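New to this one? Here is a quick walk through a few of its parts, so have the picture open as you read.

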Amino acid sequence: MCGIVGYVGHRDCLPVLIEGIKRLEYRGYDSSGVAVQTPQGLEIVKAAGKIRQLEARLAKGAPHGTYGISHTRWATHGEPTDVNAHPHTDEQGTLALVHNGIIENYQTLKNALESEGHVFRTQTDTEVLAHLIEKYLKRGYKLERAVGAALRDVKGTYGIAVMCASEPGVLVGARHGSPMVVGIADGEYYLASDVAAIVEHTRQVIYLDDGEMAVLSPDGFHTATIDHERVEKEVHDVDWDLSQIEKGGYEHFMLKEIFEQPDAVRNGMRGRLNLEEGLARLGGLNMTPEQLREIKRIIILGCGTSWHAGLIGEYMLEEFARIPVEVEYASEFRYRNPIVDEGTLVLVISQSGETIDTLAAMREARRKGAKVLGIVNVVGSTIARESDGGVYIHAGPEIGVASTKAFTSQVTVLALLTLALGRNRGMSRDYGIEIAREMSQLPEKIERVLATDDAVKRIADLYQSSNNFIYLGRGFQFPVALEGALKLKEISYIHAEGYPAAEMKHGPIALIDESMPVVFICTRDSAYEKVVSNMQEVRARKGRIVAIATEGDTEVQRNADHVLYVPATIPMLQPILSVIPLQLLSYHVAVARGCDVDQPRNLAKSVTVE
Ligand code: G6P
């Protein structure tokens, strides 16, 4: 939700600020803006729409200077208009501020400020922060102190970057609930919501924690709490580079990321599988074999695609590690009074490691005394840092808003965890070896699925004008049905429902007629015959059937209009293969419908507001 970049140094800052927010566009893309201190004063340019609208405006006259801030927005309060775009200013226009998050008490603060004579120009919650800081600056506070004082008045979440004309060369960044990193180079310093915005310039970063601020100038920087106690932060080395966040010849990030899955899954398993003994090594769990054996119950938390991965984890862990598992939407968990007793292990799944609901649910679980492990992609993200331990999925940066490689990598890591816990609790060595061997073959099998891309595209072309889709699966394939439907909704705006195949009879069957495409995931497993019966029920009502089936299964062709094949593997790993044709299907349908695949309307990749 919203991307922030700040720069102070010796170069013209504008290209750094614009290129930076372009790399953060996945965080929001309904309007953008930039503020630069020029010899003439603080200049602000903003525009509704994608960053190219801002660039068009800048082409007519751009501010130049050696420090500034920029922002790409995902609207919460106030429509995405020019005036509501960030940066926001104070009364005199001498202060500029960009914000990611929600100021929950903004109305109270606004009323108080208005009664003191402040005049507001926008419908945003953010503008109150600019006026509040102005109020403290007028008391003679330095910018750092004024920002700290204003933030102490605020309830809600924020990542902010602020500059003001009266303190040349100074940028102040702060965070509470919304990520903020400081980039360090030679005489140049950066602020960013995410490393992706600055990795082109530096790989040395500091991750701010909640309640902390950073004060940057060309002469150096320091970090402190918003109460002005100095804090020394560890400098981290980012171990990925620019090529990983570029499209590399693909038309869209989503397609690139779908095709990266063999490598992503390979990287997730690297060094963690012992094929000879059928074991998984997950050092980051920070738990002894005895502690693992003491786990009585597991709660899995996540949102969106990560929640779907969690459902597959539930099926795996219950079946093979014999531990009771519940999977909860993080947003629900945090607002009820869940029972987290001794012996409960909480697994938190998040690609970004920043989703606010997941983060808040994790904190609630820890507060209740649970041991919390993260299954996270983004190294150094808040969830990764605040959990007691965990496993990075190592899928590499995922930019497309629709999650693809993160999903298959999350399921891979859940399989590793199942193997680790299963072998720790009586799973036979032989069965462990079988799982490990099947896992090691996944990258090559994923390649085989990707080779069917043309066949998927032909089906997408046939059904791209449908208004509805149903996705059905059973057992391990039920979460895949949910994920397939979610992918289609997200990027093609077609209404799609995922359902357990047998549940179809309790409702969705009423929707079926000759214009309803129904996607069945009917790979060969114990539920196969049952799913084929469900297919016949759809066929009898003239529904159009696309089947995802196991290579070599020719019988299924009798019941389906179209069949897409995936290689066989053991049932618990099958979702990693069967989801791929569904990712490709949604991709090609969206492209055929002219949708903005990487930046679908209303969505953002990293949801850092409630
Ligand atoms: C957003 C994204 C989804 C993602 C979900 C959870 O809704 O659009 O693709 O699955 O957030 O994100 P996380 O980073 O926590 O996995």
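What follows looks at one sheet, the helices that lie across it, and one further helix. Keep in mind that this is a predicted model.

## The sheet

Let's start with an open sheet of 5 strands, paired in parallel and ordered 18-17-19-20-21. Strand 18 (325-329) and strand 21 (389-392) sit at the edges with a single partner strand each, so one side of each has no neighbour in the sheet. Going from one strand to the next, the twist averages 20°.

Now for two of the pairings. Strand 17 (residues 297-302) runs parallel to strand 18, and 5 bridges join them. Here isoleucine 299 stands opposite glutamate 326 of strand 18. Towards the other end of the order, strand 20 and strand 21 are parallel too, with 4 bridges between them. Leucine 373 has glycine 389 in strand 21 as its bridge partner.

Strand 21 also shows two faces: Gly389 and Val391 are on the covered one, while Gly390 and Tyr392 are on the uncovered one.

## Helices across the sheet

Which strands does helix 9 lie across? Helix 9 (residues 304-321) crosses strand 17, strand 18 and strand 19 (344-350), and it runs at about 170° to strand 18.

Helix 13 lies across strand 17, strand 19, strand 20 (371-376) and strand 21, at about 160° to strand 19. Helix 13 covers residues 405-424, 20 residues in total, and spans 28 Å from its first C-alpha to its last, close to the 28 Å expected. Of those 20 residues, 19 are buried, so helix 13 is largely enclosed by the rest of the structure. After helix 13 comes glycine 426, which has a positive phi, near 100°.

## Helix 18 and its two sides

Last stop: helix 18, which takes in residues 528-539. Its 12 residues reach 16 Å from first C-alpha to last, close to the 16 Å expected at 1.5 Å a residue.

Which residues of helix 18 are buried? They are Tyr528, Val531, Val532, Asn534, Met535 and Val538. These buried residues are on the same side of helix 18 because they cover an arc of only 155° around the axis. Among the elements covering them are strand 24 (517-521) and strand 25 (544-550). Flip to the other side of helix 18 and you'll find Glu529 and Lys530, which are exposed.

Definitions and conventions:
Residues numbered from 1 in each chain as written. Predicted model: local features only at pLDDT ≥ 70, side-chain atom pairs only at ≥ 80, totals over all residues. Heavy atoms only, no water. Expected span 1.5 Å × (residues − 1). Buried < 20%, exposed > 50% of the residue type's maximum accessible area, 1.4 Å probe, protein only. Arc of directions from axis to C-beta. Contact = heavy atoms within 4.5 Å. Pairing = 2+ DSSP bridges. Axes fitted to C-alpha atoms, helices over the stretch in contact; angles between N-to-C directions.
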